[in-house]
Structure formats: C-alpha cells, structure tokens
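Reader: Could you take me through this model and show how each label follows from its definition?
Author: Gladly, let's take it label by label.

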Amino acid sequence: MDQTDRRAPNRRATVQPVTPGQRAAQAARTGGEPTLEFADMAPYDAYVQASALHKMQHPLSSDPGEMSFLMVSQIMELYFGLTCHELRETQRLIRADQIWEALAPLGRAKLHLEGLNAAWQGLRWMSPADFNRFRNLLGEASGFQSAMYRQLEFLLGLRDPTLIRPFRRQAEVHAELSAALTTPSLWDDVLALLARRGLDLPADLLDRDVAVEHDPHPLVEAAWVRIYDDASPDNHLRLLGEALSAVAEEFGDWRWNHVKAVQRTMGAKVGSGGSAGLAWLQRSMARVVFPELWSARTAM
C-alpha cells in the first residue's frame with residue numbers, strides 16, 4: 001500500500017465533498033462571508049495536515065538560523081518526492097505509448113524542480129560562521145543520506161548500488177531503494193519507446209542490466225539526431241526530447257546550486273557524512289542525465 005492509500009481513510013473521515021450548488025447555497029446563507037464553524041477540525045487542516053507539518057521541526061540548538069536550514073531541507077525532501085511522483089507517472093504513460101499525455105507530468109516535474117532550485121534562496125544568508133554554530137550537533141547527518149534524493153537519481157538513470165548502503169538498518173527504505181535500483185529508469189523506458197517506434201537500437205542495450213548506469217551509445221545519439229531532424233508539430237518524440245531536456249537541465253541546476261551552497265558555507269571541508277564534501281559533489285556532476293540528448297546536439 002502506498003502513502004496515498006495509507007492517508008485515504010483519515011481524509012475521507014474528515015473531508016466531505018461539496019458540490020458547486022452546495023457552495024452557492026452556503027454563500028447565499030452567509031452573505032458571502034467565509035464559514036467559521038465546523039463540526040470537526042478545519043477541512044483545510046484535515047486535507048493538508050498543516051498542524052502535523054508544523055510540528056515536524058525539532059532543532060538541535062537554540063540558534064535561530066538552524067530553523068531555516070531544517071525547514072528548507074524538509075521542503076527539498078517534499079520536492080524530491082513530488083518530482084519522483086511525476087516521473088513515475090511519465091514512465092507509466094511512456095510504457096503505454098502515450099507520448100503526448102506524458103508531456104504533462106514531465107512539464108510539472110520541470111516546474112517542481114524550479115521550485116526545488118528556488119528553495120536554495122532560503123539559505124543564501126548562511127556563512128561558515130552561521131553554519132558552524134550548529135553543524136557539530138548534526139553529527140553524521142548529511143543530505144548525502146537522503147533516500148528520496150536517491151530515488152530521484154535512480155529514476156533519472158544515475159545509478160550506483162553502493163549509495164543504498166546507509167539504509168541497510170532501515171529495512172523498508174532499503175527495500176524500496178533496492179527495488180528502484182532494479183527497475184528501469186525513465187531513460188530506459190524512453191529507449192524502449194524509441195525502439196518500438198522503429199529507431200535502430202541494439203538488443204543488448206535494450207536488454208541490459210538496468211541496475212548498472214547507462215553508458216552513452218552512438219546509436220542512441222543517432223536516433224535523437226534523426227528525431228530532431230523532423231520539425232513538424234506532430235513529431236511527439238521531438239517534443240518528448242525537449243521536455244526531457246528541460247527536466248535534466250533543472251536537475252543539473254539543482255546539483256550546481258548544491259555545489260555553490262557547500263562552497264559558501266563549508267569551503268572544501270570534509271562533508272558531515274564523511275564524504276569529500278565539495279570535491280565529491282563536483283565529481284558527481286560529471287554524470288550526465290539523459291546523455292545522448294545533449295551529445296546529439298553537436299551533430300544536429
């Protein structure tokens with residue numbers, strides 16, 4: 001049962017559907033004033049769970065800046081999950097050969113990644129001195145350990161089995177990451193779609209071990225050159241390529257913004273989770289999302 005299923009019973013018990021006619025009747029009774037009395041908790045709170053959300057911040061210090069660090073981190077986690085949701089919906093539609101329909105969740109994913117990038121603005125005030133006032137209290141806690149970020153990377157085709165090791169003591173999280181690692185990425189599904197549409201892709205590429213990160217292939221690049229050569233408005237594969245490029249670009253911007261934030265607050269210090277910090281992030285940026293979409297542009 002997924003998270004939505006687990007929440008559904010409580011939501012149905014407290015949020016009652018209202019028809020347009022009922023809203024109009026209520027407005028007529030109150031003269032257009034908002035409803036102020038409810039038999040149970042306020043319906044907005046029941047739906048959004050705002051009261052629960054605002055009780056999930058537990059700073060470890062008395063420094064007022066730590067709340068910004070904590071809440072921006074939580075906001076980013078929500079955006080990771082929301083982007084994963086959209087990319088999985090994209091996969092479902094691509095597997096069903098519904099390319100036009102897949103453009104909508106891809107477009108939403110791009111906008112969610114814009115919001116994710118904007119979240120960094122809430123931490124631009126933080127200098128090394130500001131971070132050092134509470135950094136030691138975080139122990140070995142690090143964004144490197146975000147399971148939902150790993151889910152997002154796996155969906156985008158960036159795959160490294162060693163990165164699920166921090167979750168071995170969390171059975172459910174580890175199982176979810178293991179399953180994601182052995183499930184085709186969005187890029188794998190796109191390549192399968194291209195093959196179904198008659199583009200020349202080798203069988204060993206389509207049948208490879210999806211737990212291993214995809215290596216760029218010249219025939220995939222050639223397929224995208226051929227797709228982009230047709231500029232007609234009904235070329236949905238070309239529109240798909242552009243939508244995927246926009247997602248990859250926003251994700252790349254997030255990774256670069258992460259590098260800048262680390263440079264600003266930590267310099268080249270060792271990362272909180274024991275990684276090389278800045279150097280590790282810079283190396284990780286060399287792994288390109290949807291690589292042939294970018295290399296094909298040289299031959300266009």
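What follows is a short exchange on confidence, empty space and one helix in this predicted model.

Reader: How do you know how far to trust the chain?
Author: The protein chain averages a pLDDT of 89, and 92% of the residues score at least 70. Over residues 1-12, however, pLDDT stays under 50, and the model has two contacts there beyond four places in sequence. Where pLDDT is low, the predicted coordinates should not be read in detail.

Reader: What makes the space lined by Leu156, Gly157, Trp187, His214 and Pro291 a cavity?
Author: A cavity is a set of points where a 1.4 Å probe fits but cannot get out. The search of the whole structure finds one such space of 30 Å³ or more, with a volume of about 90 Å³. Those five are the closest to its centre among 14 lining residues. By class, the lining has seven nonpolar, three polar and four charged residues.

Reader: And why is the space around Val18 and Gln26 called a pocket instead?
Author: Because a pocket is an open set of points. This one, the second largest pocket, holds about 490 Å³. Its lining counts 17 residues, with Thr35, Phe38 and Pro43 also among those nearest the centre. Helix H2 (residues 20-30) gives the most to that lining, with five residues.

Reader: How do you know that the span of helix H13 agrees with its length?
Author: At 1.5 Å a residue, the 31 residues of H13 (residues 236-266) should span 45 Å, and the end C-alpha atoms are 45 Å apart, so the two agree. Just after H13, Gly267 takes a positive phi of about 65°.

Definitions and conventions. Residues are numbered from 1 along each chain as its sequence is written. This is a predicted model: local features need pLDDT of at least 70, side-chain atom pairs count only at pLDDT 80 or more; totals for chains, interfaces and linings use all residues. Side-chain values use heavy atoms; hydrogens and water are left out. On a 1 Å grid over the protein atoms alone, a cavity is a set of points where a 1.4 Å probe fits but cannot get out, and a pocket is an open set with protein on both sides within 12 Å along at least five of seven lines; lining residues have an atom within 4 Å of a point. Grid points are joined across faces, edges and corners, and a volume is the space filled by probe spheres set on the points. Ala, Val, Leu, Ile, Met, Phe, Trp, Tyr, Cys and Pro count as nonpolar, Asp, Glu, Lys and Arg as charged, and the others, Gly among them, as polar. Helices (H or I, at least four residues) and strands (E, at least two) are DSSP runs, numbered from the N terminus. The expected span of a helix is 1.5 Å times one less than its number of residues. pLDDT is the predictor's confidence in each residue, from 0 to 100. Contact means heavy atoms within 4.5 Å.
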